[in-house]
Amino acid sequence: MAEIQNFTLNFGPQHPAAHGVLRLILEMDGETIQHADPHVGLLHRATEKLAETKPFNQSIGYMDRLDYVSMMCNEHGYVLAIEKLLGIEVPLRAQYIRVMFDEITRILNHLMWLGAHGLDIGAMTMFLYCFREREDLMDCYEAVSGTRMHATYYRPGGVYRDLPDEMPKFLPNDFRSQKEIDRLNENRCGTLLDFIEDFTNRFPAHVDEYETLLTDNRIWKQRTVNIGVVTPERAMQLGFTGPMLRGSGVEWDLRKKQPYEVYADVDFDIPVGVNGDCYDRYLVRVEELRQSNRIVKQCIDWLRKNPGPVILDDPKFVPPNRVDMKDDMESLIHHFKLFTEGYTVPAGEAYAAVEHPKGEFGCYIVSDGSNKPYRLKVRAPGFAHLSSMHEMVVGHMLADVVAVIGTQDIVFGEVDR
């Protein structure tokens, strides 16, 4: 009986390496990929359409849920576009806080990527190491916004509130000794800035740990070197941005090339790859962890020395503070109207892009002069990257598909929107 060589395989959506809801239809000759067809849309939640039915300020929370690993960076692109339409200037302290949290978010994203990518290719320990550091940064999110993930912390005109003077502490319980609780609370005795500074001092040593495990590991190199090679020219033609583009050797970073907020005033380097393979993209992202750490340090130094307002002093866009709202009837009415009806935005259009951890995240808003956007389009970096899946995996083995999906750092919240 003749042996069947060619077959079609459904990879995902229930496969753990499909990162959620990717349905990849692979045509294979034995174990070699001949064609890959990604089917997207299984996590489509109509975010852009929903935003057109709500006032501008009610859609900030939707942005968090696009790329649900890089929450505040999504908000940043949306809020910048609204600020461009309104023509408002954000206080300098708020800009530094935004940059600091953008970089904290970049570290969160890359840790998640490194842990998941490692786990996909078989490096179990990486996942545990990365989540150990993510826990501290999640606490920073919780300290400023009250929630660990979907923060809604950036607002048009600044940020929701200033950095807190104290950190939440671990409480005594039956599962840990008092000595252990005291050790855990050691770096939580000061302000949020003290806590983040303590993290930035510890973090480079942790990155060294990751590199010790992976960078010269022959199994890791066998799984990533010369896998999914993309030339610089092709990377640009495919619309790559972020680490995918820089991994191919193109030095393009919006924080340097089109600086927004205070990126022009902070010192950092852009890591660039040479070969454009999975290994180079890994090295680029690991170096970005170090560079983000540098930027966070500089923001902490500036924020310590320069107190000030963190949001615009304009009652048209900013609600009254909580004390006034609870004591004064006019303030309560003002607060209610602002959050239910929002504010009108001048007619026009604006596009604002940020250097999201995955690439260029942009928001294009068309306003017709009402309190809702007439049209909102989100430019998600992962969508362009996923479109290159076929090109990157043809000729490789089935096991390399997992490495390519991992290196693209795909999150379907933003791909499907």
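**Exercise 1. Classify D162, then trace its partner.**

Decide whether D162 is buried, partly exposed or exposed.

*Solution.*
Step 1. Set the cut-offs. Buried means under 20% relative accessible area, exposed means over 50%, and partly exposed lies in between (1.4 Å probe, protein chains only).
Step 2. Apply them. D162 has 30% relative accessibility, so D162 is partly exposed.
Step 3. Note the source. The model is predicted: local features need pLDDT of at least 70, side-chain atom pairs count only at pLDDT 80 or more, and totals for chains, interfaces and linings use all residues. Residues are numbered from 1 along each chain as its sequence is written, and side-chain values use heavy atoms, with hydrogens and water left out.
Step 4. Find the partner. D162 and R93 meet through their side chains in a salt bridge, 3.2 Å from N to O. The term means a side-chain nitrogen of Lys or Arg within 4 Å of a carboxyl oxygen of Asp or Glu.
Step 5. Place both ends. R93 is in helix 4, while D162 is in the loop between strand 5 (158-159) and helix 6 (178-185). The two are 69 residues apart, and the pair links distant parts of the chain. Helices (H or I, at least four residues) and strands (E, at least two) are DSSP runs, numbered from the N terminus.
Step 6. Check R93. At 9% relative accessibility, R93 is buried.

**Exercise 2. Compare two further salt bridges.**

State which residues pair with R132 and with D269, and how covered each partner is.

*Solution.*
Step 1. Recall the principle. Opposite charges on side chains can pair when the charged atoms come close.
Step 2. Take R132. R132 pairs with E133, at 2.7 Å from N to O. R132 is partly exposed at 36%, whereas E133 is buried at 3%.
Step 3. Take D269. Its salt bridge is with R294, and the closest N and O atoms are 3.1 Å apart. D269 sits in the loop between helix 11 (254-257) and helix 12 (278-305), and R294 in helix 12, so the pair ties together parts that are 25 residues apart in sequence. D269 is partly exposed at 43%. R294 is partly exposed at 27%.
Step 4. Look for shared partners. E103, R106, R246, D253, R255, E288 and E355 are joined into one network by such bridges.
Step 5. Count. The structure holds 30 salt bridges.

**Exercise 3. Check the cysteines.**

How many disulfides does a search of the whole structure find?

*Solution.*
Step 1. Use the cut-off: two cysteine sulfur atoms within 2.5 Å.
Step 2. Search. The result is zero disulfides.
Step 3. Test C130. Its nearest cysteine sulfur belongs to C140, 17 Å away. C130 is buried at 0%.
Step 4. Test C299. The nearest cysteine sulfur is that of C73, at 13 Å. C299 is buried at 0%.

**Exercise 4. Sort the aromatic pairs.**

Give the geometry of Y153 with Y154, then of F199 with F203.

*Solution.*
Step 1. State the rule. Rings of Phe, Tyr and Trp (its six-membered ring) pair if their centres lie within 6.5 Å; planes under 30 degrees apart are stacked, over 60 edge-to-face, and the rest tilted.
Step 2. Count. The rule gives 11 aromatic pairs.
Step 3. Y153 and Y154 are 6.2 Å centre to centre with 50 degrees between the planes, a tilted pair. Y153 is buried at 0%, and Y154 is buried at 0%.
Step 4. F199 and F203 have centres 5.1 Å apart and planes at 20 degrees, so this pair is stacked. Both lie in helix 7 (residues 192-214), four residues apart, about one turn of the helix. F199 is buried at 2%, F203 at 1%.
Step 5. Join the rings. F101, Y141, Y153 and Y154 are linked by ring pairs into a cluster.

**Exercise 5. Map the surroundings of H76.**

Which residues are in contact with H76, leaving aside neighbours within four places in sequence?

*Solution.*
Step 1. Define contact: heavy atoms within 4.5 Å.
Step 2. Locate H76. It is in helix 3 (residues 71-86) and is buried at 0%.
Step 3. List the contacts: R98, D102, Y154, Y260, E261 and V354.

**Exercise 6. Judge the cover of helix 17.**

How many residues of helix 17 (residues 398-408) are buried?

*Solution.*
Step 1. Count. Nine of its 11 residues are buried, and the helix is mostly covered.
Step 2. Name some. Among them are D400, V401, I405 and Q408.
Step 3. Look past the end. D409 follows helix 17 and has a positive phi, near 55 degrees.
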